[in-house]
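Let's take a walk around one helix and the packing next to it. Have a look at the sequence and the model first.

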Amino acid sequence: MTEDDRPAPGRNLTHRLLETIGRQIVTGHYAERPFPTEAELATGHGVSRSVTREAVKMLTAKGLLSARPRLGTTVQPEARWNLFDPDVLRWLLERPASVPLLRQFHELRRAIEPTAAGLAAQTADAAGLARIADGLIRMQQAEQGRDDPLEADIAFHVAILRASSNPFFVQFRDVVGTALRFSIQVTNRIKGGTADVAAHGAVLAAIRDRDADRAERAMLAIIDDVSDLIEGSAGGSPGS
């Protein structure tokens, strides 16, 4: 990386402040206290007013804050947060009790991923099939310790969203990737192993065979298996 390629110091400070304040908001730090003024944030975090202003602007775009004349900056109710923003979702999943959120996320996956797999069976081109196959190969290699099991599993699922050729489903790739990163860690810890590679192979085989119904059923089986694991762990916190 050349000196010109490195992020500007101010940008690093902005994103660091964004991470800190965003996580505080989502984890309830300001639930019973007023949100600080711009000057208080700048002083408290040792950054400039311009850095603070930019971070607040980004958090406002994510639906976490609202800035109004004479009313100042206030934390928005959770119902107004942009749950499709990967940062917001990541902060939510870091909260101590995330089983209900994981359950809701898997309801979303159940509505999207089987259909995406069925569409991929009908429309995936050679490049799309190759990306799905590469994800499966990576999962197989991960079983042998030659790849990261988490990244390989995510690559497989995101490749199917892309292969669906539906631009709306493709837009879910960041959300799915972020939430999978958390849920896979949780479910792998619960069952003491990694994802079922054979079950993922069945999805790829159905897509290659252009069998949309079988592809949907195979993907649904994977998601339902994960949902069962989550429900079985509901008595305890996945973050524990």
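Start at the cap: Asp-125 sits at the N-terminal end of H6, with a side-chain oxygen 3.3 Å from the backbone nitrogen of Ala-127. That's a polar contact (a pair of N or O atoms within 3.5 Å, where one must be able to donate a hydrogen and the other to accept it; residues adjacent in sequence count only if both atoms are side-chain atoms). Keep in mind that this is a predicted model, where local features need pLDDT of at least 70 and side-chain atom pairs pLDDT 80 or more, while totals for chains, interfaces and linings use all residues. Residues are numbered from 1 along each chain, and side-chain values use heavy atoms, without hydrogens or water.

**The helix itself**
- H6 runs over residues 126-143, so 18 residues, as helices are DSSP runs (H or I, at least four residues) numbered from the N terminus.
- From first C-alpha to last, H6 reaches 26 Å, close to the 26 Å expected (1.5 Å times one less than its number of residues).
- Just after H6, Gly-145 has a positive phi of about 80°.

**What's tucked away**
- Buried residues (under 20% relative accessible area, 1.4 Å probe, protein chains only) of H6 include Leu-129, Ile-132, Leu-136 and Met-139.
- Helices H7 (149-163) and H10 (197-208) are among what covers them.
- Ile-132 is in contact (heavy atoms within 4.5 Å) with residues including Phe-156, Ile-160, Leu-204 and Ile-207, leaving out residues up to four places away in sequence.

**The core**
- The largest nonpolar core (buried Ala, Val, Leu, Ile, Met, Phe, Trp, Tyr and Cys joined through side-chain atoms within 4.5 Å) has 37 residues.
- H7 gives the most to this core, with nine residues.

Note on methods
Helices (H or I, at least four residues) and strands (E, at least two) are DSSP runs, numbered from the N terminus. Buried means under 20% relative accessible area, exposed over 50%, partly exposed in between (1.4 Å probe, protein chains only).
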